[in-house]
Amino acid sequence: MKKEDENKIIGDKIYRLRISRNYDRMTFAELLKVSERTIRRWETGKSKVRESNILKICLLFDISIAYFIKKEKGNDIHDK
């Protein structure tokens, strides 16, 4: 799988998590201490998410890192 495809899959997962809590990009960015532009770039797959930010997202949503390791779209966000 290409890195760009991986980034898009992870970005889609981040988008679905954000929407599941009704966070707008600004609120989500503030919670993670990143810029709104960074969130947009993650969600569109244009930028790779650092492991430290994936860990922050997992803690924020109380989910397992396995959610991001699995390569398929549509994993249950509460796989633990």
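A salt bridge here is a side-chain nitrogen of Lys or Arg within 4 Å of a carboxyl oxygen of Asp or Glu. By that rule this structure has 3 salt bridges, and I will start with them.

Before that, the ground rules. This is a predicted model, in which local features need pLDDT of at least 70, side-chain atom pairs count only at pLDDT 80 or more, and totals for chains, interfaces and linings use all residues. Residues are numbered from 1 along each chain as its sequence is written, and side-chain values use heavy atoms, with hydrogens and water left out.

One salt bridge joins Arg16 to Asp12, at 3.1 Å from N to O. Both residues are in helix H1, 4 residues apart, so about one helical turn separates them. On helices: they are DSSP runs of H or I with at least four residues, while strands are runs of E with at least two, numbered from the N terminus. In general, an α-helix has 3.6 residues a turn, so residues three or four places apart point the same way.

Are these two partners buried or exposed? For the cut-offs, buried means under 20% relative accessible area, exposed over 50%, and partly exposed in between, with a 1.4 Å probe and protein chains only. Arg16 is partly exposed at 27%, and Asp12 is partly exposed at 22%.

Next, Arg18 and Glu43, whose side chains meet in a salt bridge of 2.6 Å, N to O. This pair links distant parts of the chain, with Arg18 in helix H1 and Glu43 in helix H3, 25 residues apart. Arg18 is buried, at 6% relative accessible area, and Glu43 is buried as well, at 10%.

Glu43 also forms a salt bridge with Arg25, where the closest N and O atoms are 3.0 Å apart. Again the pair links distant parts of the chain: Arg25 is in helix H2, Glu43 in helix H3, and their positions lie 18 residues apart in numbering. Arg25 is partly exposed, at 26%. Taken together, Arg18, Arg25 and Glu43 are linked in a network of salt bridges.

Now helix H1 itself. It covers residues 3-20, which is 18 residues. From its first C-alpha to its last it reaches 26 Å, close to the expected 26 Å, where the expected span is 1.5 Å times one less than the number of residues. The buried residues of H1 include Asn7, Ile10, Lys13, Ile14, Leu17 and Arg18. What do the buried residues of H1 pack against? The partners are helix H2 (25-32), helix H3 (36-43), helix H4 (51-61) and helix H5 (66-69), with contact meaning heavy atoms within 4.5 Å. Just after H1, Asn22 takes a positive phi of about 60°.

Asn7 is one polar residue to look at in this helix. It is buried, with a relative accessible area of 15%. Leaving out residues up to four places away in sequence, Asn7 touches Trp42, Gly45, Ser47 and Lys48.

Over in helix H2 there is Met26, which is partly exposed at 39%. The C-alpha atoms of Met26 and Glu36 are 5.3 Å apart, with their positions 10 residues apart along the chain.

On to the nonpolar core, meaning a set of buried Ala, Val, Leu, Ile, Met, Phe, Trp, Tyr and Cys residues joined through side-chain atoms within 4.5 Å. The largest one has 17 residues, and those with the most contacts inside it are Ile14, Phe28, Ile57 and Phe68. H1, H2, H3, H4 and H5 each supply at least two residues of this core, and H4 gives the most, with 4. Phe68 touches Ile10, Lys13, Ile14, Leu17, Ile54, Ile57, Cys58 and Ile63, again not counting residues up to four places away in sequence.

Last, the rings. Rings of Phe, Tyr and Trp (its six-membered ring) pair if their centres lie within 6.5 Å; planes under 30 degrees apart count as stacked, over 60 as edge-to-face, and the rest as tilted. There are 4 aromatic pairs. One of them is Tyr23 with Phe28, stacked, at 6.2 Å centre to centre and 20° between the planes. Tyr23 is buried at 18%, and Phe28 is buried at 0%. Ring pairs link Tyr23, Phe28 and Phe61 into a cluster.

Lys13 lies over the face of Tyr67, at 5.1 Å from the ring centre. The rule there is NZ of Lys or CZ of Arg within 6 Å of the ring centre and within 35 degrees of the ring normal.
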